[in-house]
Structure formats: C-alpha cells, structure tokens
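The following note is intended for a colleague who is meeting this structure for the first time. Please read the points alongside the sequence and the model.

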Amino acid sequence: MTLRGQRNWRLRCQTCGTEYDFGPMVHGCPECATRGKIGLLELTRSSALNPEDFSARSGRGLDRWLDVLPVQDKDAFLSLGAGGTALIPSRIIGKRLGIPHLYFKLEQQNPTASFKDRFVAMSANAARSFGFRKIVVSSTGNLAVAVAAYAAALEMESMVIVPHGTPAGILAEASFYNARIAVTDRELRFSALETAARRPDWFPIGLFLAKPVQNAFGVEGYRTFAYEVVEELGEAPGAMLFPCARGNGLYGGFKGFLDCRDAGLIKTLPRLVAAQPDKANSIEVSLQRGSDIAVELPPFQSVAKSTSEAVSSDDALDAIRKSGGYGLSASEEEIQDAVASLAEEGLNVETSSALTVACLPKLMKVEGFDRERPVVCVLTAGGQRWMDPAKKALSRICEAATIPDFERLLDRI
Ligand SMILES: [Zn+2]
C-alpha cells in the first residue's frame, strides 16, 4: 500500500537494493533478513526540486520545504519552528585566519537548541502519522532532549535511554518535557533500545550502525541544511564543515546539495568536511586508508562529548568522497581554543560544535581548498546545556558591598 501523498518516496535497501513502499519500516530490509543479513533502508525521492520555487516558497524553517520532505500529512506536521537558522558572517576568526567569507550556521536557534530538531521533527512526525503514540531513543545529550520535546508537542509518550554519568542538566531538561528516563550501563543502551523497538507500539528514533533497528526518516530533515545555505548565499559554498560523530548531519546535507545540483541551482557540490576529535576520527582514518567501510577505533571520551564515537557511518564517507571533501581532526587543546575564539565572536556553542572552527587551519592547508569562496561552519548546538557555570565565571565575580566598592570595580575596567 502506498500512503497518501507519498507516491514519490520509496524505501530502498542499501545492501540488496530492494525497494519498498513508504511506510513504518524500522527493522531493516526483510529481504536481507531472510538471508541472515542486515540491510539498512534509506528514503529516496523520484521528484526533483523545482528550481523556480525557492523564491515562491512561504513559511520558515522545515515548514517551508514539506512538499520535498517525506511528510505524510502536511497539515498535521508540527515543526516547533525547527530549521531556518541564521547564517552569520564571522567578524574575527575569518579575518584572523585569512578566510574572507567565513560563515557560521547557528543551529542553537532551533527549538531545543541543536541541529537534532531537524532530525527528530521528521522522525517523530512520521511515527505519529503511522499511528504510533510512543517513541524511544538512546542518547547522551541533544537528541534525548529533542525527542522529549517533540513527544510532548505531538502528545506522545517518550522513553529516553541514557548511560550512567549523563549530565544532570540533560536529565532535568528531558524530564521537564515529561519524558521517562531509563539510566543503564553504557553497553546495555542499544539492547534496551532494541527491546523497546521490538514491541509493536514503540517507534525508535535514531540511526544505529550495523543494527536492524533504525528509521530512515530523520536524516531527510538534514537536506534542509543545503536548501537554506544555497538560498541564502545564492550559490554553493566552497566548503561546509560539520562536527561529526557518525556523520548523519553531513550525509543528509549531501542529499540536499545533490537536489540543488540536479535542479540547476548550483553548479558544483561544496566540499563536505567532517570535523572530529583526533582520537575519535573514524572518518579521517577511513579516508586515509581508502576504506569504503568506516574504521572502528578504540573508545575515547573527548571534551567534544557529542562527537566521541568509535565508528562513523559509511554513508558519510561516501558523501565526503563524492563531494571532493575531507575528514579532519583537532586535538583537545585546539577544540578548547576554538570554543574560546567563538566566545570572542559572541557565540556560546557546545564544545563539539567548535570542532569545525578548530579544523579550519588544517582545511586551509589541504590541496584544492579555495579560500576565496564561502566557507560554512555548522555550529550544531548551543553551549548552555553543557556548561559548568561555576568553572568559568568565578574569576570574574567580585563582591560589591558598597557603592564606593562598586566604583572601584568600574575603575579597574
Ligand atoms: Zn536488503
């Protein structure tokens, strides 16, 4: 059965190529399963973007693009205002490095302050349109909060699976939206998720490598990265950097840039750049080794917590290769310095987001980089959720018991 309004979307198995009608398939490819294999399903669209309709579109954020996203019921779609984030020029870092057209894409402007809102808006709305009333996710941060918020807005129940040691602020935020939170050992997280997803009334949010439990809907929301940047710049940037754990954001963005190229809106793809911590740099290592399958590295906990993944996705590798892009990495110290540089620009970002800025000096040295073309750093999330407020502020806080005391403080500045 093909669902209403979705005749141009199909699910296709990445392993065997079998195609399926649009629907709530979250346990991988049935054809592969009969042969004991795992086949992950991906959404593909047969219709193209209309090159004329960028300026004719109304609305903002994801709502502006519903006709080219896998949305079953446009009237019922609830975005919470996700997407449509600002693209602002750098005032300081670009000048310092000698990149005249450096831009920041401010994903902290999303409703739950991270790029995950684009992903969760798509998958939670898909779940509800398929008749689900319960969504489940395994996450240590931004994704957990986004799932809790969208479940609340869509009047659904949510279960958030987190490992021991998850920051209290994340738990407080998820419970603020009335999510149920299960704290487990790190190793147990994915089995817990699978257990929930095996129940017929739970829909899993998120993508899991080499696991049959996954949904193909969320990553489609990241196509809008490309639409927004192309619309704003009027061209493709020369390079676009994403902080990457698995690289789903980069991969979804790649699909969006392909749409723009096919529609004649851009001539060439931007070089897509994965920015990772230097001990969690699965993409960089895989590209260096010429591997099509992402290399798994030993576990490493970076200060860039959201990007501390041992293995990235094969799709992200493929997207980087096809776009002529790169996998780069930065040390812990370089990442912290980049956080401080962004503070000078008036931007409080999650440490992982600063990876893009931390990798810029290396990007400038790679063959084929054109510093005269626009460069976009995707700053994936705000820093507020991750801050230890006491740590930074203490040295700048002074007691002012009297007005003369206060005047002495003023005189010191
Ligand atoms: Zn298959």
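1. In the model, which is predicted, S138 stands opposite I161 in strand 7. Here helices (H or I, at least four residues) and strands (E, at least two) are DSSP runs, numbered from the N terminus. The pairing that holds these residues joins strand 6 (residues 134-138) to strand 7 (residues 157-163) in the parallel sense, over five bridges; two strands pair if DSSP finds at least two bridges between them.

2. On the basis of the model: residues are numbered from 1 along each chain as its sequence is written. As the model is a predicted one, local features need pLDDT of at least 70 and side-chain atom pairs count only at pLDDT 80 or more, while totals for chains, interfaces and linings use all residues.

3. Strands 6 and 7 belong to an open sheet of four strands, with the order 8-7-6-9 and parallel pairing. Strand 8 (180-184) and strand 9 (202-204) each have a single partner strand and stand at the edges, so one side of each has no neighbour in the sheet. On average, neighbouring strands of this sheet are turned by 25° against each other, direction ignored. Angles run from 0 to 180 degrees between N-to-C directions, and axes are lines fitted to C-alpha atoms, for helices over the stretch in contact.

4. Helix 4 packs on this sheet and touches strand 6 and strand 7; contact requires that the C-beta atoms of two residues, placed from the backbone, lie within 7 Å. The direction of helix 4 makes about 170° with that of strand 7.

5. Helix 4 (residues 142-153) also meets helix 3 (residues 116-129): their axes come within 9 Å and cross at roughly 45°. Helix 3 is therefore oblique to helix 4 (under 35 degrees counts as roughly parallel, over 145 as roughly antiparallel, 65 to 115 as roughly perpendicular, and the rest as oblique). The contact is made by K116, D117, V120, A121 and A124 of helix 3 and by N142, L143, A146, V147, Y150 and A151 of helix 4.

6. A second pattern of pairing deserves attention. Three strands form an open sheet in the order 2-1-3, with antiparallel pairing. Strand 2 (19-21) and strand 3 (41-45) are at the edges, each with a single partner strand, so one side of each is left without a neighbour in the sheet. The twist averages 35° from one strand to the next.

7. Within that sheet, three bridges join strand 1 (residues 9-13) to strand 2. The bridge partner of R10 in strand 2 is D21.
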